[in-house]
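Open the model in your viewer and keep the sequence panel in sight. We will go from stop to stop, selecting as we go.

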Amino acid sequence: LEKYTDAIVAFDRAIAIHPASPLAVYHKAIALARLSRNEDAIREFDHTTSLDPEYAPAYHQKGAILLKLNRFADAISAFERCIAIKPAFAQAYFVKGFALYQLGRYQEAVEVFDKAIGITPNYLNEIVKNATGINAKQYILNKILIESKRLLTYTDLPISAITEALGYEDPSYFIRLFRSQTNMTPLNYRR
């Protein structure tokens with residue numbers, strides 16, 4: 001943490017000498033983000049883009065912070081600006097897609113993912129981990145568990161129907177998966 005605090009001081013000196021330098025402001029924002037000073041980082045990313053409206057990485061980093069703060073609509077706007085400036089920036093497409101997914105805009109999320117399909121599964125995993133703190137498999141599993149718990153709580157659907165609704169073919173597999181994540185069977189959870 002001390003190295004980031006020292007970096008902020010150094011970037012402040014550089015900004016004082018070269019106030020129109022978006023690079024120094026951008027790197028100060030990165031250091032603020034590493035210290036979890038998210039609102040300060042967002043302001044500095046905004047300052048960066050006021051100095052250079054075409055500085056795509058600032059929009060991308062701002063979007064990532066907004067995503068962590070669950071400010072999905074604002075994150076989408078930041079990623080859209082990043083993509084408009086640098087259309088080949090695949091990571092921005094995927095993180096925008098996750099923000100759309102969080103807002104329940106599933107079809108739009110799929111379209112965004114389709115645009116960036118050329119990346120490897122390892123890279124997708126890295127992107128998801130950077131945005132959410134967990135790997136892609138666990139992220140998807142968490143969403144499936146949330147939906148399964150919702151169906152178990154608010155419907156009287158049989159386990160086989162819930163299994164099918166969640167995209168699984170084998171109810172016994174779903175039951176084992178649910179138990180491994182919650183330490184109880186779906187029927188015990190329902191009670």
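This is a predicted model. Start with glutamate 80: its relative accessible area is 37%, so it counts as partly exposed, between the 20% and 50% cut-offs. Glutamate 80 sits in helix H5. Now add lysine 96, 16 residues away along the chain. The C-alpha atoms of glutamate 80 and lysine 96 are 7.5 Å apart.

Next, the interior. Select Phe45 and Leu67. In the largest nonpolar core, which has 35 residues, these two touch the most other members. Helices H2 (22-34), H3 (38-51), H4 (56-68), H5 (72-85), H6 (90-102), H7 (106-115) and H8 (121-132) each contribute at least two residues to this core.

Stay on leucine 67. Which residues does leucine 67 contact, leaving aside neighbours within four places in sequence? Show Phe72, Ala75, Val95, Ala99 and Ala131. Then move to a second, separate core. This core has 12 residues, among them Leu141, Ile159, Leu177 and Phe178.

Now isolate H2. The helix has 13 residues and spans 18 Å from first C-alpha to last, close to the 18 Å expected at 1.5 Å a residue. H2 is mostly covered, with 10 of its 13 residues buried. Color the buried set: Pro22, Ala24, Val25, Tyr26, Lys28, Ala29, Ile30, Ala31, Leu32 and Ala33. Bring back helix H1 (2-17), H3 and H4, which are included in what covers those residues.

Last stop: serine 36, just after H2. Check its backbone, where phi is positive at about 60°.

How values were computed: Residues numbered from 1 in each chain as written. Predicted model: local features only at pLDDT ≥ 70, side-chain atom pairs only at ≥ 80, totals over all residues. Heavy atoms only, no water. Core = buried A, V, L, I, M, F, W, Y, C linked by side-chain atoms within 4.5 Å. Buried < 20%, exposed > 50% of the residue type's maximum accessible area, 1.4 Å probe, protein only. Helix = DSSP H or I, 4+ residues; strand = E, 2+ residues; numbered from the N terminus. Contact = heavy atoms within 4.5 Å. Expected span 1.5 Å × (residues − 1).
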